[in-house]
Amino acid sequence: MSEDNDLKNFLIKKGASKVGFANVDGLAEGFIDLPYGISLVLKIPKKAMIYIENEDYESYWSCFHSLIDRLTEISIKGEKYIKNHGYDAFALTMSRNECDMKRLLSILPYKTIATKSGLGWIGRSALFVTPDYGSAVVLGGILTNMPLTFGTQITDSQCDDCENCQKACPVGAINPQKWNTKLNRNDIIDIAKCREYIVEQYKNGLGCTKCMYECKLTKKYLGRL
């Protein structure tokens, strides 16, 4: 069994739902010596999605933050595993992969690693979508120089004609244009309008997860179809 298969099995054993590998050379400024990316996907438990359905955001956010903590732990263990095998690595945890809240961007978007790894695509909502869990996932990543077998990059949306998230958006921030790698994020979503609403919701202890919950594949994961 190859080293990268051993690594994938290790990360899944530690709790990742899905793991993918991608070439991200030149995409993470300041990390030119770590040209490969490891995408970590952690599914959001069905019980947490039910909290959203019942508008119990306090319970949902408690569960969500516990998932982030779990993903951080998996990422750090992955970093240590790689270093113990003679390579370099940098876990892109939430604290390390700081988000620019004005642009809602980070050092290297987790979604970029995930689509390049072939684990899913970007939905109309600009959320990452997986075949198995819809957009009910949280993402993490690790940068490394360990040789990896890359997945096949997904370059176009596979949302077909579904417009569930677009219709569910309370502020009409989602544009009709479906994602592909040639587009900018602003082509598919009005991020300023989205951010303004989200920040206001957070201030009130609420949230806006309607696009995630209404995703057709999320509904399938939840057994709602």
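This is a guided tour of a predicted model, moving from the whole chain to its core and then to single residues.

**The whole chain**

Display the full chain as a cartoon and colour it by secondary structure. Eight helices and six strands should appear. Followed from the N terminus, the elements come in the order α-β-β-α-α-β-α-β-β-β-α-α-α-α. The chain has a radius of gyration of 17 Å, close to the 17 Å that the globule rule gives for 225 residues, so it is as compact as a globular protein of that length. Aligned on its principal axes, the C-alpha trace spans about 50 × 35 × 35 Å.

Next, switch on contacts. Among those between residues at least 6 apart in sequence, 68% join residues at least 24 apart.

Now add the surface. Its accessible area is about 11500 Å², and carbon and sulfur atoms account for 48% of that. Of the 225 residues, 45% count as buried. Colouring the side chains by charge will show 29 positive and 26 negative ones, with the centres of the two sets 4 Å apart.

**The nonpolar core**

Hide the surface and select the buried nonpolar residues. In soluble globular proteins, nonpolar side chains tend to be buried together. The largest nonpolar core here holds 67 residues, and Leu7, Ile38 and Ile44 touch the most other members. Helix α3, residues 57–84, gives the most to this core, with 10 residues.

Centre the view on Leu7. Which residues is Leu7 in contact with, leaving aside its neighbours within four places in sequence? They are Phe21, Ile38, Tyr81, Ile82, Met146 and Leu148. Ile38, named above among the residues that touch the most other core members, is thus also a contact of Leu7.

**Helix α1: Asn9**

Stay in the N-terminal part of the chain and select Asn9, which lies in helix α1, residues 3–13. With a relative accessibility of 40%, Asn9 counts as partly exposed. Draw a C-alpha to C-alpha distance from Asn9 to Asp56: the two residues are 47 apart in sequence and 35 Å apart in space.

**From α2 into α3: Glu55 and Ser59**

Move to the loop between α2 (46–53) and α3, where Glu55 lies. Glu55 is not a glycine, yet it has a positive phi of about 55°. Is Glu55 buried or exposed? Its relative accessible area is 60%, and the cut-off for exposed is over 50%, so Glu55 is exposed.

Continue to Ser59, which is placed in helix α3. Ser59 is partly exposed, at a relative accessible area of 26%. The C-alpha atom of Ser59 is 9.8 Å from that of Lys47, a residue 12 places away along the chain.

**Further along α3: Glu79**

Select Glu79, also in helix α3. Glu79 has a relative accessibility of 10%, and residues under 20% count as buried, so this acidic residue is buried. Not counting residues up to four places away in sequence, Glu79 touches Ala89, Phe90, Ala91, Arg96 and Ile142. Strand β3 covers residues 89–91, and β6 covers 137–144.

**Between β3 and α4: Met94**

Go on to Met94, in the loop between β3 and α4. Met94 is partly exposed, with a relative accessible area of 46%. Residues up to four places away in sequence aside, Met94 touches Ile68 and Tyr110. Measuring to Leu71, 23 residues away in sequence, gives a C-alpha to C-alpha separation of 9.3 Å.

**Helix α4 and its cover**

Tyr110 leads to helix α4, residues 110–117, in which Tyr110, Ile113, Ala114, Thr115 and Ser117 are buried. Show the strands around this helix: what covers its buried residues includes β1 (18–23), β2 (36–43), β4 (121–122), β5 (128–129) and β6 (137–144). Just after α4, select Gly118, which takes a positive phi of about 85°.

**The β4–β5 loop: Ala126**

The last stop is Ala126, in the loop between β4 and β5. What backbone phi does Ala126 have? It is positive, about 75°, although Ala126 is not a glycine. Ala126 has a relative accessibility of 6% and counts as buried. A return to Glu55 makes a useful comparison: Glu55 also has a positive phi, but Glu55 is exposed, whereas Ala126 is buried.

Terms used
Residues are numbered from 1 along each chain as its sequence is written. This is a predicted model: local features need pLDDT of at least 70, side-chain atom pairs count only at pLDDT 80 or more; totals for chains, interfaces and linings use all residues. Side-chain values use heavy atoms; hydrogens and water are left out. Helices (H or I, at least four residues) and strands (E, at least two) are DSSP runs, numbered from the N terminus. The radius of gyration is taken over C-alpha atoms; the globule rule is 2.2 Å times the number of residues to the power 0.38. Buried means under 20% relative accessible area, exposed over 50%, partly exposed in between (1.4 Å probe, protein chains only). Contact means heavy atoms within 4.5 Å. Accessible areas come from the Shrake-Rupley method with a 1.4 Å probe; for residues, only the protein chains shown count as cover. Lys and Arg count as positive and Asp and Glu as negative; His and the chain ends are not counted. The place of a charge is taken as NZ of Lys, CZ of Arg, CG of Asp or CD of Glu. A nonpolar core is a set of buried Ala, Val, Leu, Ile, Met, Phe, Trp, Tyr and Cys residues joined through side-chain atoms within 4.5 Å.
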